[in-house]
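User: I would like a close look at a single part of this model, followed by its surroundings. Please keep it brisk.

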Amino acid sequence: MAKWVYAFGGGTSDGDRDDKNLLGGKGANLAEMAKLGLPVPPGFTLTTAVCTAFYENDRQYPADLNDQVEDALKALEAKVGKTFGDPANPLLVSVRSGARASMPGMMDTVLNLGLNDETAEGLAKLSGDRRFALDSYRRFITMYSDVVLGVSHSTFEEILETFKEDRDYSLDTEVTAEEWEEVIAEYKQAVEDALGKPFPTDPRDQLWGAIGAVFGSWMNDRAITYRRMYDIPASWGTAVNVQAMVFGNMGDTSATGVAFTRDPSTGERGYYGEFLINAQGEDVVAGIRTPQCLTESMRAKFDDPAPSMETALPDVYAQLVDVFDKLEKHYRDMQDIEFTVEQGRLWMLQTRNGKRTAKAALKIAVEMVEEGLITEEEAVLRVDPGQLDQLLHPTIDADYKRDVIAKGLPASPGAASGKAVFDSDEAEQLAALGEKVILVRVETSPEDIHGMHAAQAIVTARGGMTSHAAVVARGMGRPCVSGAGEIKINAADKTFTARGRTITQGEIITVDGATGEVLAGEAPMIKPELTGDFASLMVWADKARRMKVRTNAETPADVQTAREFGAEGIGLCRTEHMFFDADRIAAVREMILATDQTGRIKALTKILPMQRDDFAEIFRIMEDRPCTIRLLDPPLHEFLPHSEEDVKAVAEATGLPADQLLARARDLNETNPMLGHRGCRLGITYPEIYEMQARAIFEAQALVEKETGVKPVAEIMVPLVAVPKELEILKVRIEAVAAAVAEETGVAPVYLTGTMIELPRAALRAGDIARSAEFFSFGTNDLTQTTFGLSRDDAGKFLGDYLEAGIFEKDPFVSIDQDGVGDLIKIGVERGRAARGGLKLGICGEHGGDPASIRFCEGAGLDYVSCSPYRVPIARLAAAQAALEAKG
């Protein structure tokens, strides 16, 4: 019989942290903490296998699950000395999700389950505190109704806010026990009005309703969006944890909190977190009340007048410090911990490896190596390559005079400017149109995940450093200011006011997540410097990786940036981008309009010195590092105007005849230009174009070698080869130009001739092509297009539907389709190297900066990956991780 339920706590645990795939992260760590002897409320976990079976069987549970849950409930009752549903001595439980990958706030939780009118009275008598019991009951009705019954949380918020306003209360803690009875009656009536039936009172019905809601939440919109963003497979499923309740809302000796063993924003050593006295867990993370600082140092840093936990509950704080140290040493990583204090007694509700910013991830990894907790290789594996994006973008210029309109907590570092937007749907819509937006909310909830992802930064009026907005923004790498209480939002008018000023939707604001400031207008940004911890990690990464990392760049500025980020060469220089420069487009058009070869050569002679200067500048920056230069690829009509209005403007600017421009544009127009007269086909028809480009490359090499004494290395790439004969013909012409330039300059150029493998036929016939090609670069952008028969420019209209329907797990233009495109690459590698043993192999599509694709490239045996300049550090780290994972 399959084991669906695993117990933990009370001196024993059925599992441990190695069972994360089965028990989920929360369940595995609860079991582990219990085994370590830490104070964990006992409970049991319904495994991820139940979730899988639930969805495979049309949301039906395994037949023997009910019996196993009943057995687990009986064992739990024995451990705590209470009975589930007993009016006199009731056992109350929490029901929480727990996937193997941390997904904070994305799935559902229910606390205080098991309460009804009778058990609430029993809890009041047992605790001696009627107000606490009724406070717990109203919380349960709110959470259960929202999560399980589908009655919105806002329904109950409105009832409570109105009730408090009528009595001039500002805090929930001012509501008396008798008054909670009135509120509860209104809550239950609201549920009955909404559903046409009363709130469920049977504890077992409540339990199965909550279990079903948690499993159901695995497929809610926000969880699906989160999984897509972080590449978490739907097949993993979630576990459900049922745990005996402990109460942080039992008076002034009770509390609840969230803490980190190191600062998740900066990585600095020192305990970091927040707590609330006389509260339950959702009060901290939901921003319902502004929490207090955990430590005195943190309180002083934020100038918080409220007492810290260190001073308010010193004995419990001391116990917590011991737990922090024990857990961090045990897990050898920074821990994110949830705890409750019930009448002076500490209980641990969760520990997990804490989410952190890129800056913090680097600092923690490097310092843990220095502390002897982990090795250099483990440090390399600890940092998510995608997170480095957070460090590779501008911050606000220190000399800028800031126009501060509000200040809150520095919840997630970084800076961004954009239009203020107050609704997540609008943020997503505007971002899709290319607008940069800042999402401004009273507080965020998991329903805002799409708007947060679309926004450049997030600002909330409520919430602390561990609120939903703060945690999710840090994970996304978005700057965030939370708890900016001076901001008053008018959602209906789409405005906010602060410090006597009103900001209307669409106005530009700037967010500085490092200082917690919100500024009026667009602030100037400066380029980051990557030193210190980043440099240390990159040194370790470079020691570990096998593949080289190059860049896709053609402008001197991009080439220089890539060099500073550690690029070891150029994997793709797109020469056509140089043709569009204003000082040469006229000559390019003159060449296209020419009616014979003589006319084309005349125009190309004007372009030659400009191309030579372009290449010389690149060679100066790259010195002796290899530079792969792709000869002209796009069809010629792309360089011509098409509308009569544009033709007229170009004719006036260049002196070229308007009628000839229009006629030639129409003549060159193609039904499907991606598969038309482009790439090497142009070189076959107009060999003088490729000969001019080859000459410009070789002359630039000679020029730079004479200037500097360094021999530049060129890799001349012939695009879109499908048939070996295409490359053979063009290689002969390139070699002839090289010989001519060598004779003219006295400098023999160092170069290879190869091709871009971007057509399925080229991959299949790679052995034949390799007899002429000295290198292959897999052009995965076009190879993906031609393999799938998809246009990258048009597929965006329906790719979302394919992802949502599960047809594609990932966008194939973002991460390599390893089954189809990947197979073609493997075939190309195998057949190419079989024909030419020393064949150099790389990848130059956008996939070269995607960590999952880089992992594939390591497995396929490629020599290098190439990506955009700002993704070079990401690729270096991803390549190192791929090499370490391959070692095992």
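Is N112 buried or exposed, and what is its relative accessible area?

Analyst: This is a predicted model. N112 is buried, with a relative accessible area of 0%. The cut-off for buried is under 20%. N112 sits in strand 7, which runs over residues 109-113.

Its side chain has a polar partner. The side chain of N112 makes a polar contact with the side chain of Q280, at 2.9 Å. Beyond four places in sequence, N112 is in contact with L92, V93, S136, R139, F140, M245, F247 and Q280.

Another buried polar residue is Q243, in strand 8 (residues 238-244). Its relative accessible area is 2%, so Q243 counts as buried. Leaving out residues up to four places away, Q243 touches F8, L30, V40, P41, P42, G43, L92, V93, S94, M348 and L349. L92 and V93 appear among the contacts of N112 and also among those of Q243.

Now the helices. S136, R139 and F140, which N112 contacts, carry numbers that fall in helix 5 (130-149). Helix 5 also helps to cover the buried residues of helix 6, as does helix 7 (177-195).

Helix 6 takes in residues 153-166. Its 14 residues reach 20 Å from the first C-alpha to the last, close to the 20 Å expected at 1.5 Å a residue. F156, I159, L160, F163 and K164 are its buried residues. They cover an arc of only 125° around the axis, which puts them on the same side of helix 6. The spacing fits a general rule: an α-helix has 3.6 residues a turn, so residues three or four places apart point the same way. On the other side of helix 6, E158, E165 and D166 are exposed. Just after the helix, D168 takes a positive phi of about 60°.

Helix 9 (residues 221-230) can be read in the same order. R222, A223, Y226 and R227 are buried there. Their arc is only 135° around the axis, which puts them on the same side of helix 9. Their cover includes helix 8 (203-217) and helix 17 (449-454). At the N-terminal end, N220 acts as the cap: a side-chain oxygen of N220 lies 3.3 Å from the backbone nitrogen of R222. After helix 9 comes D231, with a positive phi near 55°.

To return to the starting point: N112 is buried at 0%, and its side chain meets that of Q280 in a polar contact.

Definitions and conventions: Residues are numbered from 1 along each chain as its sequence is written. This is a predicted model: local features need pLDDT of at least 70, side-chain atom pairs count only at pLDDT 80 or more; totals for chains, interfaces and linings use all residues. Side-chain values use heavy atoms; hydrogens and water are left out. Helices (H or I, at least four residues) and strands (E, at least two) are DSSP runs, numbered from the N terminus. The expected span of a helix is 1.5 Å times one less than its number of residues. Buried means under 20% relative accessible area, exposed over 50%, partly exposed in between (1.4 Å probe, protein chains only). The arc is that of the directions from the helix axis to the C-beta atoms. Contact means heavy atoms within 4.5 Å. A polar contact is a pair of N or O atoms within 3.5 Å; within protein, one must be able to donate a hydrogen and the other to accept it, and residues adjacent in sequence count only if both atoms are side-chain atoms.
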